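Visitor: I should like a close look at a single part of this model, namely the surroundings of its enclosed empty space. Please describe that part in detail, and then relate it to other features of the fold.

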Amino acid sequence: MSKPAIKTLGELKKTDYKSRSIKEELRSNLVKNIKAGKNSFKGIHGYEYTVIPELERAILSKHNINLLGLRGQAKTRLARLMVQLLDEWIPVVEGSELNDDPLKPLSRYAQQLIAEKGDETPIGWMHREERFAEKLATPDVTVADLIGDVDPIKAANLKLSYADDRVIHFGMIPRANRCIFVINELPDLQARIQVALFNILQEGDIQIRGFKLRLPLDLQFVFTANPEDYTNRGSIVTPLKDRIGSQILTHYPENIQIARTITEQEAKRDERNEEQVYVPSLAKDLLEQISFEARESEYIDVKSGVSARMSITAFENLLSTSERRALMAGDEKTTVRLGDFMGMIPAITGKVELVYEGEQEGAATVAHTLIGDAIQTLFITYFPEIKKLEKQNEKSPYDEVVTWFFDQSDFQLLDDLNEEEYKKMLDSVTPLQNLINTHQPDLPKSDQYFMKEFILWALVEFKKLSKYRMTDGIRFKDLYGSYISGL
């Protein structure tokens, strides 16, 4: 809808416009969406039966909301999407600091302007995208930043006494009147600053330097917080929690399919990169499984969480690793290789908080361990389980592969192999194709070479083969043959 043409208060009064609070706006528009079966939170995945119903109930109840969850759980994204539940345009008194409703003026400026000009009062229009204000809570935030303070420069310029309320400079919250106001990482806000929010949340009025201002501000507050922050850096003071209507717990994706959808949606892909690099389905699953392993790892601080941003940035690094390799080899097109996963390690190490044992191991070693654990977890969903203890003379589906490596003195997958050389090397291990034909007969041909390499890495993780990292690639060998041959 285009911007309304109405420009004066008199014209506005002739329309069917009625004043309503921002919470009534959100509620009314959500009711319409629910009746029409429309999704109010597009782009949010995995919350359909958990977080979103709770959020919708809070909006219907006209509550201020606290989204409580670990990092990378779309808390701020949810708050920003609430903007789409606002009316597209609302009228404001032109020039007003507080976005005054022309039919319910709040500030002295708006009240005086309407008293002076009446129906000729100029009206402006505010789009819903402008009705979102956000503040990251940091220890240096002051009451003046959020609520306001006396402005001595304004007092001097206007030749006003400090007793005159026109010397007040309003802070972020009053200026966000009729808007959604988000305070991120609420526990980081000092306790004395949190206290300053009590009256705004309960009565809607504010206090500035002794001025008694009855400003019934119209705001939808959304707070975000990390549960670890309650004990780590600070806490939400109890009276403030008591004034927040609904506290909603967020969570990480519950399965790989949801995690894949989020990563593919959020990852920044260059069009040329997308055309040049093919990503097998197994590679996408493996990437997501790494995050699932990290959230269960004994080396990583579970309370700190493993953000969905880890998978997103790791996916971007994976594509870039494959693209760089293809450019260097002169290949116009390439497929992601398991060796390319080593290029994701910088994206992993920067996103996890290690416990003491993890620090002792080292971030890079922990990242390699996570990749290995993810390979083990996924392998048994595609192929028969490899038991730790096997009976003597018992045949295994992997005997042919192990025997092939026992008979070969050397097998190297170099990092700089072009597509043709890479495929030729993997095709030389003929038992790998037999395994795929037997256990994954419907696997697309485009995914088969990644699967072959995946089998080799899995056999290493299950102690069937050995793997050595060289400067320019990876060397696979029989686990025991090397001891016999002395190599």
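Guide: In this predicted model, the charged end of Arg295 sits over the ring of Phe292, at 5.7 Å from the ring centre. Both Arg295 and Phe292 belong to the lining of the largest cavity.

That cavity has a volume of about 70 Å³. Besides Phe292 and Arg295, its lining includes Glu288 and Ser291, together with Pro253, Ala259, Ile262 and Thr263. Ala308, Ser311 and Ile312 are also among the lining residues. Three helices each supply at least two residues of this wall: H13 (256–266), H15 (281–296) and H16 (308–329). The greatest contribution comes from H15, which gives 4 residues. Sorted by class, the lining of the largest cavity holds 6 nonpolar, 3 polar and 2 charged residues.

The count of cavities of 30 Å³ or more comes to 2. The second largest cavity has a volume of about 40 Å³. Its lining consists of Arg260, Thr263, Glu264, Lys284, Leu287, Glu288 and Phe315. Thr263 and Glu288 therefore appear in the linings of both cavities, where a lining residue is one with an atom within 4 Å of a cavity point. For the second largest cavity, H13 and H15 each supply at least two lining residues. By class, the lining of this second cavity has 2 nonpolar, 1 polar and 4 charged residues.

A further contact of a charge with a ring is found at Arg243, which lies over the face of Phe198, 4.6 Å from the ring centre.

Strand S11 covers residues 246–249. In a regular strand, side chains alternate between the two faces of the sheet. In S11, Ser246 and Ile248 make up the covered face, while Gln247 and Leu249 make up the uncovered one. Strand S1 (residues 65–68) runs parallel to S11 and is joined to S11 by 4 bridges. Within this pairing, Asn66 stands opposite Gln247.

Aromatic contacts form another part of the picture, and the structure holds 12 aromatic pairs. The rings of Phe379 and Phe383 have centres 5.2 Å apart and planes at 25°, so this pair is stacked, the limit for that class being under 30 degrees. Phe379 and Phe383 are both buried. Phe379 also pairs with Phe454: the ring centres are 6.0 Å apart and the planes stand at 45°, so this pair is tilted. Phe379 lies in helix H19 (residues 363–379) and Phe454 in helix H23 (residues 448–461), so the contact ties together parts that are 75 residues apart in sequence. Phe454, like Phe379, is buried. Phe379, Phe383 and Phe454 belong to one aromatic cluster, which also contains Tyr382, Tyr398 and Phe462.

Lastly, Trp404 lies in helix H20 (residues 399–407). Its relative accessible area is 15%, and Trp404 is therefore buried, the cut-off being under 20%. Trp404 is separated from Lys13 by 391 residues in sequence, and the two are 87 Å apart in space, C-alpha to C-alpha.

Conventions:
Residues are numbered from 1 along each chain as its sequence is written. This is a predicted model: local features need pLDDT of at least 70, side-chain atom pairs count only at pLDDT 80 or more; totals for chains, interfaces and linings use all residues. Side-chain values use heavy atoms; hydrogens and water are left out. On a 1 Å grid over the protein atoms alone, a cavity is a set of points where a 1.4 Å probe fits but cannot get out, and a pocket is an open set with protein on both sides within 12 Å along at least five of seven lines; lining residues have an atom within 4 Å of a point. Grid points are joined across faces, edges and corners, and a volume is the space filled by probe spheres set on the points. Ala, Val, Leu, Ile, Met, Phe, Trp, Tyr, Cys and Pro count as nonpolar, Asp, Glu, Lys and Arg as charged, and the others, Gly among them, as polar. Buried means under 20% relative accessible area, exposed over 50%, partly exposed in between (1.4 Å probe, protein chains only). Two strands pair if DSSP finds at least two bridges between them. Rings of Phe, Tyr and Trp (its six-membered ring) pair if their centres lie within 6.5 Å; planes under 30 degrees apart count as stacked, over 60 as edge-to-face and the rest as tilted. A charge sits over a ring if NZ of Lys or CZ of Arg is within 6 Å of the ring centre and within 35 degrees of the ring normal.
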